[in-house]
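Me: I'm new to this one, so could you take a close look at the aromatic rings for me? I'd like to know how they pair up and where they sit.

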Amino acid sequence: MINIIDKLKSFFGRNGTEKNKLFFNEDSRDDSNSSADKKSGFTENLILTVSPSPHIRSENTTAVIMFQVIIALTPALIWSVCFFGNRALALIIISVFSCVLFELWYQLLLKRPVMIKDLSAVVTGILIAMNLPVTASLWIPVAGAFFAIVIVKQLFGGIGKNIVNPAIAARIFIFSSWTSDIANIPAETIKFPWPEISIDAVATATPLTALKNGTLPDIKIMDLLLGNHAGVIGEIPKLLLILGGIFLIVTHVISWHIPVSFIGTVALVTFLFPQYPIAIDFMIYELLSGGLIIGAFFMATDYTTSPITNRGKIIYGVGCGLITIFIRYFGGYSEGVSFGIMIMNLLVWYIDRFTKPQRFGGRNVDAKK
């Protein structure tokens, strides 16, 4: 080994400039040789360390990232509580507490490291509650939290190992299991006492119901933006959700590729193939109705269940948008965001494999074949 180092030193010392000299750390050599080299101008004080990737260090831990997501969701949460009343707050608290409790219980049960401080369970609980109508029974977020945390997340190994978004899976599970309870969407001007509530008296149609029938909802576009319409707790304050999504992009928590390609695909398809004579109006109502905004910014962008490369993120977002519109147009369900995101979650591994860059210095074996 010392002979190889001597040859490299002599080569770079004679043929290279002073900036191109190669520095080594030779602890095995005696001090006399080291001092002689220092006097001759060849400093041997650089240690070459070999370590596995990643080599980029960052202070953005999981807890920091999740806290920024909570900050982005907070304005919409506050608005929803002010709009729907204390029952919405009760559903949010129950959902968050259940998610944290189930994660803590499962990790203690299997004697795994307790990871509740990373705040991922808190974000999941908030998103589950935001996908519920305020008329939902108080035990429903508990069932959704158990399914999201235990079945979808922890049974696959915990954070970073789940193959679908826990909140999306819980939403589909809840809507599929208790359709009659969840289908009662409250009207926009009713505030509910807690815990008593009369579900039959507040059932109403959402804007997507009218769009599904080929007509525009009897709601102004500004009311859609401000949330003055029927809907679930977290999908109605569209303007605040958009601002929260922009905050995540500006702070580099998420990139623009998934939300822009997702929303852009829905906008393009609904404009080119409208189900109403005025294409621009139909497109705007499709964009501002249902869970498209919260899904594009806060659910489809989940690190674990979305592609790594930028090209893969665009493919992923386009796929989410196409499936969403296909279900809205031809499916029996007026909303397709959840199904679009979950189906594309299952395809992320293939998207990453297809879009992965060629490694530096490697051969493109597939092209050769």
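Reply: Here is a walk through the ring pairs, with a little background on the chain first.

A quick word on ground rules: this is a predicted model, where local features need pLDDT of at least 70, side-chain atom pairs count only at pLDDT 80 or more, and totals for chains, interfaces and linings use all residues. Residues are numbered from 1 along each chain as its sequence is written, and side-chain values use heavy atoms, with hydrogens and water left out.

The protein chain has 18 helices and 0 strands. Those are DSSP runs numbered from the N terminus, with helices (H or I) of at least four residues and strands (E) of at least two. Of the 369 residues in the protein chain, 47% are buried. Buried means under 20% relative accessible area, exposed means over 50%, and partly exposed is in between (1.4 Å probe, protein chains only).

Now the rings. The structure holds 11 aromatic pairs. Rings of Phe, Tyr and Trp (its six-membered ring) pair if their centres lie within 6.5 Å; planes under 30 degrees apart count as stacked, over 60 as edge-to-face and the rest as tilted.

Take Phe147 and Phe173: their ring centres are 4.3 Å apart and their planes are at 5 degrees, so this pair is stacked. The pair links distant parts of the chain, as Phe147 belongs to helix α6 (residues 140-153) and Phe173 to helix α7 (residues 166-177), 26 residues apart. Phe173 is partly exposed, with a relative accessible area of 26%.

Then look at Phe282 and Tyr329. With ring centres 6.3 Å apart and planes at 55 degrees, this pair is tilted. Here too, distant parts of the chain are linked: Phe282 is in helix α13 (residues 279-288) and Tyr329 in helix α15 (residues 310-330), 47 residues apart. Phe282 is buried at 0% relative accessibility, and Tyr329 also counts as buried, at 14%.

Back to the stacked pair, because there's a bit more to it: ring pairs link Phe147 and Phe173 with Trp139 and Trp178 into a cluster.

One more ring has a charge for company. Arg171 lies over the face of Phe175, 4.9 Å from the ring centre. For a charge to sit over a ring, NZ of Lys or CZ of Arg has to be within 6 Å of the ring centre and within 35 degrees of the ring normal.
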